[in-house]
Amino acid sequence: MKIMITGGTGTVGSATVRRMLQAGLTPHVLVRSPEKAAALPAGAVAVAGDLQKPDTLAAAFAGVDRLFLLTALAPDETQQGLNAVAAARQAGVRRLVYMSIHRLESALQIPHFGSKKPIQDAIAASGLEYTFIQPNNFFQVDHWFRDAIVQYGVYPQPIGSIGMNRVDVRDIADAVVNALTQEGHHGAAYPLIGRDALKAGQVAEIWSRHLGRDVRYAGDDLDAWAAQSRPYLPEWLVHDLRIMYDHFQKHGLPAAEEEFAWQEKVLQHAPRRFEDFVAETAAVWKG
Ligand SMILES: NC(=O)c1ccc[n+]([C@@H]2O[C@H](COP(=O)([O-])OP(=O)(O)OC[C@H]3O[C@@H](n4cnc5c(N)ncnc54)[C@H](OP(=O)(O)O)[C@@H]3O)[C@@H](O)[C@H]2O)c1
């Protein structure tokens, strides 16, 4: 059973590669550059390819039985995903697990939510066995904010005060590996959600407690957030994320109670807690 994974050098993908290796599986990782190939953990197999270059995918997907498809944030994300689905069908891939987003359908006006919908639709119509893994905001996004949190005592992600059931990427990896390797997940769309509906103020308070220093929420001002983000992010992404944070501030991204039982079918353990993630991360950051 040859398993391929895209995005295997990124946040979710690298956790998934590690989880596969722990499970005794051999991940074949689609990589765009030799440097990234060299940095893969022992036991993972690098396969050259690029989702933007369909002519690279026939060789990359040859002999693949199961594919974990992750599409990165990009203005042409839809096309990249459709390239992957077409190549998977042609290569005779039998099962495809696609990572999209929690409550995708409720916020298609957010560019990187809307860009995943045609990919999901193409997969559902493809005739392949498929499963959708739909995570909430990752705990590990907070790694990007280390300097703001540790040096300036500011939590900068403008998620507002409705609440979001943020999730640990290690739970996503567990769910992906189960969906790839077990029977009974065909046609399912699973939310990947943490237990607590976290508000920005609570997130800042939890960081504060574990770091032993004041951490305050930077606030809901999206003009200020965009101005701060422009030196680090391309304009299309500032625009996209601004629409997303505006949605989160108005509606949150909360889980419904019944979604936990549904998640359990693929996760098969209790979701990891944000408090534990912060305790673990704060210990590392404090050295
Ligand atoms: N952040 C969140 O809280 C959150 C929540 C729910 C869903 N999501 C979704 O998660 C996805 C991002 O996942 P992530 O954070 O794990 O990604 P990431 O850390 O940004 O990594 C992106 C991965 O995709 C690869 N990649 C980029 N362009 C590619 C291409 N043209 N062909 C092949 N591979 C390519 C990258 O490879 P290189 O190493 O070569 O760059 C890298 O491995 C997005 O679709 C986002 O909407 C995010």
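**Exercise 1. Find which residue in β4 is the bridge partner of I5.**

Solution. Step 1: Place the strands. Strands here are DSSP E runs of at least two residues, and helices are H or I runs of at least four, numbered from the N terminus. β1 covers residues 3–5 and β4 covers residues 66–69. Step 2: Check the pairing. Two strands pair if DSSP finds at least two bridges between them. β1 and β4 run parallel and are joined by three bridges. Step 3: Read off the partner. I5 bridges to F68 in β4.

This is a predicted model, in which local features need pLDDT of at least 70, side-chain atom pairs count only at pLDDT 80 or more, and totals for chains, interfaces and linings use all residues. Residues are numbered from 1 along each chain as its sequence is written.

**Exercise 2. Work out the strand order of the open sheet, and explain why β3 and β8 each have one side without a neighbour.**

Solution. Step 1: Write the order. The seven strands run β3-β2-β1-β4-β5-β6-β8, with parallel pairing. Step 2: Look at the ends. β3 (45–48) and β8 stand at the edges with a single partner strand each, so one side of each lacks a neighbour in the sheet. Step 3: Add the twist. Neighbouring strands are turned by 20° against each other on average, direction ignored. Axes are lines fitted to C-alpha atoms, for helices over the stretch in contact; angles run from 0 to 180 degrees between N-to-C directions.

**Exercise 3. Determine which strands helix α6 lies across.**

Solution. Step 1: Locate α6 at residues 117–124. Step 2: Name the strands. α6 lies across β5 (95–99) and β6 (129–135). Step 3: Give the angle. α6 runs at about 165° to β5.

**Exercise 4. Decide whether D196 is buried, partly exposed or exposed.**

Solution. Step 1: Locate D196. It sits in the loop between β8 (189–192) and α9 (200–211). Step 2: Apply the cut-offs. With C-beta atoms placed from the backbone, 20 or more others within 10 Å means buried, 12 or fewer means exposed, and in between means partly exposed. D196 has 18, so D196 is partly exposed. Step 3: List its contacts. A contact needs C-beta atoms, placed from the backbone, within 7 Å. Not counting residues up to four places away in sequence, D196 touches N165 and F274.

**Exercise 5. Sort the residues of the shell around the ligand by type.**

Solution. Step 1: Set the classes. Ala, Val, Leu, Ile, Met, Phe, Trp, Tyr, Cys and Pro are nonpolar; Asp, Glu, Lys and Arg are charged; the others, Gly among them, are polar. Step 2: Count. The shell divides into ten nonpolar, 13 polar and three charged residues.

Key
Two residues are in contact if their C-beta atoms, placed from the backbone, lie within 7 Å.
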